[in-house]
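Here are a few exercises to work through with the model open in your viewer. Try each one yourself before you read the solution.

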Amino acid sequence: MRISPLLIKSSIQDSKVATISPTSKTATKKIINTIDPTKDLNILEYGPGTGALTIPLLKKISPESKILAIERNQRLYNHLSNVEDGRLKLIKGDVLNLPQILRGLNLREEFNIILSGIPFSFLPEAKAEKILEQTEKSLTREGKFIAYQFSPKLKSLLSTKFSSIQESKTLLNIPPLRIYVCQKNPKN
Ligand SMILES: C[S@@+](CC[C@H](N)C(=O)[O-])C[C@H]1O[C@@H](n2cnc3c(N)ncnc32)[C@H](O)[C@@H]1O
């Protein structure tokens with residue numbers, strides 16, 4: 001387990017950081033392997049934190065792909081702002097305000113991939129539902145929502161928005177992580 005002093009400091013002041021260790025390398029690999037890097041992708045990431053997924057993802061995606069990452073914690077936002085890669089746009093904000101954030105950026109785009117590490121179990125159900133609704137609307141027809149969570153609570157809510165949910169678990173993360181790969185219109 002890699003404890004991060006930055007995550008410890010951030011989570012003491014902000015319970016929504018919800019972890020003191022970044023997602024493990026094994027879990028990161030498993031999550032990133034669900035993404036096809038041969039395509040040019042428009043990726044939206046909720047809660048990048050220290051960049052545990054963002055940074056390996058930048059190494060894997062094509063030169064024409066883009067990541068828009070939204071982080072609400074100021075300290076973690078400042079930390080990740082040091083990443084210099086023209087394909088990454090980092091926004092300090094709350095994903096609950098996704099429509100306003102996209103309008104502010106003059107973006108009407110749909111995303112092929114929406115990746116989320118935010119702790120849905122810390123949110124009242126109405127807010128979690130609002131985020132999932134916005135997520136579903138912001139995906140391309142065959143886009144994927146990939147959510148990784150410590151808690152199993154999210155699954156029932158996911159099934160109200162997505163017709164296909166593939167669930168896997170990785171024990172090589174502390175705590176063990178559930179990965180949900182969701183699509184509204186799966187190919188098969
Ligand atoms: C469990 S950590 C995951 C961090 C990182 N993605 C990783 O895999 O190690 C959750 C992250 O989501 C951020 N977060 C929580 N709620 C958020 C929200 N509503 N909008 C944007 N970011 C949020 C936290 O500040 C934190 O960085």
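**Exercise 1.** Find which residue Ile-146 stands opposite in strand 7, and place that strand pair in the sheet.

*Solution.* Start with the pair itself: Ile-146 stands opposite Val-181 in strand 7. Strands here are DSSP runs of E with at least two residues, helices are runs of H or I with at least four, and both are numbered from the N terminus. Before going on, a word on the source: this is a predicted model, where local features need pLDDT of at least 70, side-chain atom pairs count only at pLDDT 80 or more, and totals for chains, interfaces and linings use all residues. Residues are numbered from 1 along each chain as its sequence is written.

Next, step out to the strands. Strand 5 and strand 7 (residues 177-183) pair in the antiparallel sense over 5 bridges; two strands count as paired if DSSP finds at least two bridges between them. Strand 7 also runs antiparallel to strand 6, with 7 bridges joining them, and Ile-165 has Cys-182 as its bridge partner there. Strands 6 and 7 make a hairpin, with 6 residues between them.

**Exercise 2.** Write down the strand order of the open sheet, then work out which strands stand at the edges.

*Solution.* The 7 strands are ordered 3-2-1-4-5-7-6, with mixed pairing. Read off the ends: strand 3 (88-92) and strand 6 (164-170) each have a single partner strand, so one side of each has no neighbour in the sheet. At the strand 3 end, strand 2 (residues 66-71) pairs with strand 3 in the parallel sense over 5 bridges. Ile-70 has Ile-91 in strand 3 as its bridge partner.

**Exercise 3.** Find the residues with the most contacts inside the largest nonpolar core, and list what Ile-114 touches.

*Solution.* First, the terms. A nonpolar core is a set of buried Ala, Val, Leu, Ile, Met, Phe, Trp, Tyr and Cys residues joined through C-beta atoms within 7 Å. A residue is buried if 20 or more other C-beta atoms lie within 10 Å of its own, exposed if 12 or fewer, and partly exposed in between, with C-beta atoms placed from the backbone.

Now the core: it has 41 residues, and those with the most contacts inside it are Ile-43, Ile-113, Ile-114, Phe-145 and Ile-146. Strand 5 (residues 139-149) gives the largest share, 5 residues.

Last, zoom in. Not counting residues up to four places away in sequence, Ile-114 touches Leu-44, Thr-135, Ser-138, Leu-139 and Phe-145; a contact means C-beta atoms, placed from the backbone, within 7 Å.

**Exercise 4.** Work out where the buried residues of helix 2 (residues 25-32) sit around the helix, and what they pack against.

*Solution.* The buried ones are Ala-27, Thr-28 and Ile-31. Seen down the axis, they fall within an arc of 100° (taken from the directions from the helix axis to the C-beta atoms), so they line one face of helix 2. They pack against helix 3 (54-60), strand 5, strand 6 and strand 7.

**Exercise 5.** Is Leu-96 buried or partly exposed, and what does Leu-96 contact?

*Solution.* Locate Leu-96 first, in the loop between strand 3 and helix 5 (98-104). With 17 C-beta neighbours inside 10 Å, Leu-96 counts as partly exposed. Leaving aside neighbours within four places in sequence, Leu-96 is in contact with Lys-127, Lys-130 and Ile-131. Leu-96 and Lys-127 are 31 residues apart in sequence and 7.3 Å apart in space, C-alpha to C-alpha.

Notes:
Two residues are in contact if their C-beta atoms, placed from the backbone, lie within 7 Å.
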